[in-house]
Amino acid sequence: KLVYSNRKPTESFLDFVISFRAGTKEVRVRESDWASLYEAIRKACPGTSFSVEGTKHPRRFDRYIAFCLDNVETEFEYLSAGWSYVSEDKQKFLHDGVSHPGLTCKTGKTIEVDHQLSYKEAFLQSLGMLSMARELGKILIPWLFEHLGLLFSIFCRAGLQPNFLLFIAGPSGALKTALAKVLFSLYSGESNRVMASFKDTITALEVKMFEHGDGVLNIDDFHPPVSSGEKRAMSEKLEFVTRVKGDGLAKGRSNVQLTLQEELMPHCLVSFTGEFLSGGESSLLRLLIVQLKRGDIDGKTLEFYQKNSRVWSTHLQGFLIFIENNQDLVIDFIKKEFEAKRQAWGATFKEKRLVDAATHMEVIAVIVFSYAKWLGALPESEIKVMYAQWRSVIREMTDKSIAATKQAKPVVLFLE
């Protein structure tokens with residue numbers, strides 16, 4: 001069986017079932033080993049031999065397999081969740097809950113859907129999340145950031161990759177990690193665990209950014225260091241991730257087995273949570289900063305969405321279906337509207353990176369409102385009022401992010 005994988009770098013395999021007297025064994029051979037299939041199979045099945053041996057047999061066997069490939073069954077096996085091409089011009093958001101002719105998903109990730117909720121009901125309940133913060137901007141920015149992360153590949157197709165990060169800063173007890181777990185979790189079980197932290201090595205963070213796919217990878221717990229060595233290590237990790245994502249740079253990425261190095265971009269957005277910020281002004285200007293204090297997030301409302309995580313994932317699944325069904329229109333909209341909105345924000349802010357950040361946030365807000373109209377969830381008059389409010393909040397939060405970078409002591413940002 002010939003298998004194509006969408007895991008980057010894209011790979012092809014040959015799957016064999018080897019029969020023995022005692023039973024069978026499945027063997028997968030990478031494309032790089034196809035020139036010596038005879039040896040690859042013998043290596044996978046030590047202690048076995050073919051019925052015919054001889055110096056010419058390996059070449060005969062390889063020619064025989066090449067002949068068989070003309071009629072072999074082909075299977076498309078998707079190992080990475082997120083947007084992937086299922087035809088020449090059609091992308092689909094793939095996970096293990098997706099059914100599509102001619103493909104198999106083995107991503108290890110599933111979006112849980114509450115089938116008792118309509119997508120309209122899930123959207124309206126997810127919109128209710130915005131009431132959990134005393135100030136709208138402190139919840140709206142991360143709420144929109146998750147929607148933008150899910151469309152990372154779509155924005156890339158439009159030629160407008162988001163190259164900024166989010167930092168949720170605040171003291172212990174401000175519920176920043178709990179908030180990030182709720183908002184930046186799409187797949188089953190994600191809301192119950194920390195996906196990445198500053199305890200990870202730089203290599204581990206590289207792997208996680210590479211493997212995460214469309215969405216938001218939150219790196220948790222930038223905390224007060226107990227030693228100069230810990231302070232230096234955490235600062236190096238924050239600086240590395242900020243520059244890689246903020247500059248849109250491709251670095252040598254280790255694969256999961258840490259045996260290959262590829263020039264690949266992390267295909268996700270990244271957020272941080274921590275008690276303080278570190279770094280120079282140049283690095284901080286790659287961040288939208290949300291500063292929380294204790295009491296800014298209503299614990300009871302947050303607890304509801306923790307216990308009812310399928311409300312959020314059901315809404316996001318509906319949003320992804322809307323994008324999938326309208327992806328050409330969405331990409332055309334991004335291409336046509338982005339530059340005009342960027343020029344408008346450029347008249348307000350001088351910092352180019354945050355001009356782009358504000359533009360991305362406004363564009364994703366418009367796409368969310370388009371989804372609301374598609375669902376019939378909000379009347380046009382209410383959408384106009386909310387759009388003006390959201391745009392004002394984006395401006396306010398971008399202003400605050402810029403102001404935060406100007407402070408002489410960024411380690412106390414959360415106190416402001």
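A residue is called partly exposed when its relative accessible area lies between the limit for buried, under 20%, and the limit for exposed, over 50%. In the predicted model described here, D221 has a relative accessibility of 29% and therefore counts as partly exposed. D221 belongs to strand β10. Its phi is positive, at about 75°, although D221 is not a glycine. Most residues other than glycine have a negative phi. A positive phi also appears at L175, another residue that is not glycine, with a value near 70°. L175 is placed in the loop between β8 and α6, and its relative accessibility of 32% makes L175 partly exposed as well.

Strand β10, which covers residues 216-222, runs parallel to β13 and is joined to β13 by 5 bridges. Within this pairing, N218 of β10 has S271 of β13 as its bridge partner. Strand β8 (residues 165-169) is also paired with β13 in the parallel sense, here over 4 bridges. In that pair, A169 is found opposite G274 of β13. These strands belong to an open sheet of 5 strands, in the order β9-β10-β13-β8-β14, with parallel pairing. The edges of the sheet are formed by β9 (196-197) and β14 (287-291), each of which pairs on one side only. Strand β9 is parallel to β10 and is connected to β10 by 2 bridges, and A196 has I219 in β10 as its bridge partner. Helix α6 (residues 176-183) packs on the sheet, where it touches β8, β10 and β13, and its direction makes about 155° with that of β13.

The burial of β13 was considered next. Strand β13 spans residues 269-274, and 6 of its 6 residues are buried, so the strand is largely enclosed by the rest of the structure. The cover extends to both faces: L269, S271 and T273 are buried on one side, and V270, F272 and G274 are buried on the other.

A separate pairing involves β5 and β6. Strand β5 (residues 82-85) pairs with β6 in the antiparallel sense over 4 bridges, and the two strands form a hairpin with 5 residues between them. Across this pair, W83 stands opposite F93 in β6. Strand β6 consists of residues 91-94; Q91 and F93 point one way and K92 and L94 the other, and all of them are buried.

Helices α12 (residues 327-346) and α13 (residues 352-375) have axes that come within 9 Å and cross at roughly 135°. This angle makes α12 oblique to α13. The crossing of the two helices is right-handed. On the α12 side, the residues of the contact include V330, F333, I334, F338 and W345, and on the α13 side they include V355, A358, V363, V366 and I367. K341 and R342 of α12 also take part, as do D356 and E362 of α13. Taken together, the contact residues comprise 10 nonpolar, 3 polar and 4 charged.

The loop between α12 and α13 contains E351. E351 counts as buried because its relative accessibility is 17%, a value that falls in the range under 20%. When its neighbours within four places in sequence are left aside, E351 is in contact with L285, I402 and K406.

Methods:
Residues numbered from 1 in each chain as written. Predicted model: local features only at pLDDT ≥ 70, side-chain atom pairs only at ≥ 80, totals over all residues. Heavy atoms only, no water. Buried < 20%, exposed > 50% of the residue type's maximum accessible area, 1.4 Å probe, protein only. Pairing = 2+ DSSP bridges. Contact = heavy atoms within 4.5 Å. Axes fitted to C-alpha atoms, helices over the stretch in contact; angles between N-to-C directions. Parallel < 35°, antiparallel > 145°, perpendicular 65-115°, else oblique. Left-handed = near helix turned anticlockwise from the far one by under 90°. Nonpolar A, V, L, I, M, F, W, Y, C, P; charged D, E, K, R; others polar.
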